[in-house]
Amino acid sequence: MAQKIAKIPLSIYQRKDRLIWNHSRNGEYTVRSGYALAKEMEAQATKSVQSKEQTSSHNRKEIKDLVHRRTGKGDNICTSCGDGIETLEHMFFECDYAKKIWKLSPISWDGLIDLQACFWRWWEGLLEATQRVNGKEHIELTINILWQIWKARNKVIFDNAKVKEITIVRKAQNGWNSRKLWN
Ligand SMILES: [Zn+2]
């Protein structure tokens, strides 16, 4: 059953994975791809009910059972904490899981805290940092962190496996370091 679920929808996210981290060799492109990725994460998180409706009724029942067993609640509940609707704001900022990750990460965006209530405002604020010293690198690391949080969220849903917070930070940094070697 776990195998069946792993096969369900996320071919899109695998494609983006390649697009961004292997094919993107200049910063602008990464930021653009990051935008596309964030848009897609938003669509998948907020429309997860609809996308589940498109799977066969058999698979849909399996997913719902899985979510219900894990959280005791219906769809759209955060799979990390089981407590909160899974919006981008929750997933990246409000969830205890995300908070711990940002605490462990070498980068913080204290100046953007007021914008966290709306992911897209926060995102705009983030991109303004391109002008800062090392701004581009810091944005890239940040996008890596968002990306790893997203991948971990999918791992919980499709593989029923939780990724430790520190692992998220290490993976994001590794991706960032190897990207730097390309330039
Ligand atoms: Zn949560």
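In this predicted model, helix α8, which runs over residues 119-127, holds four buried residues, namely Phe-119, Trp-122, Trp-123 and Leu-126. Seen down the axis of α8, these buried residues fall within an arc of 105 degrees, so they line one face of the helix. A comparable question can be put to helix α7, residues 96-104, where Tyr-97, Ala-98 and Ile-101 are buried. Here the arc around the axis is only 95 degrees, which puts the three residues on the same side of α7.

These two helices belong to a chain whose secondary structure comes to 10 helices and 0 strands, so that the pattern read along the sequence is α-α-α-α-α-α-α-α-α-α. Of the 183 residues in the chain, 25% are buried. As for how the chain is connected, among contacts between residues at least 6 apart in sequence, 56% join residues at least 24 apart.

Beyond α8, the loop that leads to α9 contains Asn-134, a residue other than glycine whose phi is nevertheless positive, near 60 degrees. Asn-134 counts as exposed because it has 10 C-beta neighbours inside 10 Å, and the cut-off for that class is 12 or fewer.

Helix α9 then extends over residues 135-159, and its length can be checked against its geometry: at 1.5 Å a residue, its 25 residues should span 36 Å, and the end C-alpha atoms are 35 Å apart, which agrees. Just after α9 comes Asn-160, with a positive phi of about 55 degrees, although this residue, too, is not a glycine. Asn-160 is found in the loop between α9 and α10, and it is partly exposed, with 15 other C-beta atoms within 10 Å; that count lies between the limit of 12 or fewer for exposed residues and the limit of 20 or more for buried ones. Asn-160 can also be related to a part of the chain that lies far away in sequence, since Thr-79 is 81 residues apart from it along the chain while their C-alpha atoms are separated by 9.7 Å.

On the other side of this loop, helix α10 covers residues 165-182 and includes Asn-177. With 11 other C-beta atoms within 10 Å, Asn-177 is exposed. It can be set against Leu-141, a residue within the span of α9: the two are 36 residues apart in sequence, and their C-alpha atoms are 8.9 Å apart in space.

How far these details can be taken depends on the confidence of the prediction, which varies along the chain. The average pLDDT is 72, and 61% of the residues score at least 70. Among the elements of the chain, α7 has the highest mean pLDDT, at 96, whereas helix α2, residues 11-21, has the lowest, at 35. Over residues 1-29 the pLDDT is below 50, and this stretch has 34 contacts in the model beyond near neighbours in sequence. The pLDDT is also below 50 over residues 49-57, a stretch with 10 contacts beyond near neighbours in sequence. Where pLDDT is low, the predicted coordinates should not be read in detail.

Terms used:
Residues numbered from 1 in each chain as written. Predicted model: local features only at pLDDT ≥ 70, side-chain atom pairs only at ≥ 80, totals over all residues. Arc of directions from axis to C-beta. Contact = placed C-beta atoms within 7 Å. Expected span 1.5 Å × (residues − 1). pLDDT = per-residue confidence, 0-100.
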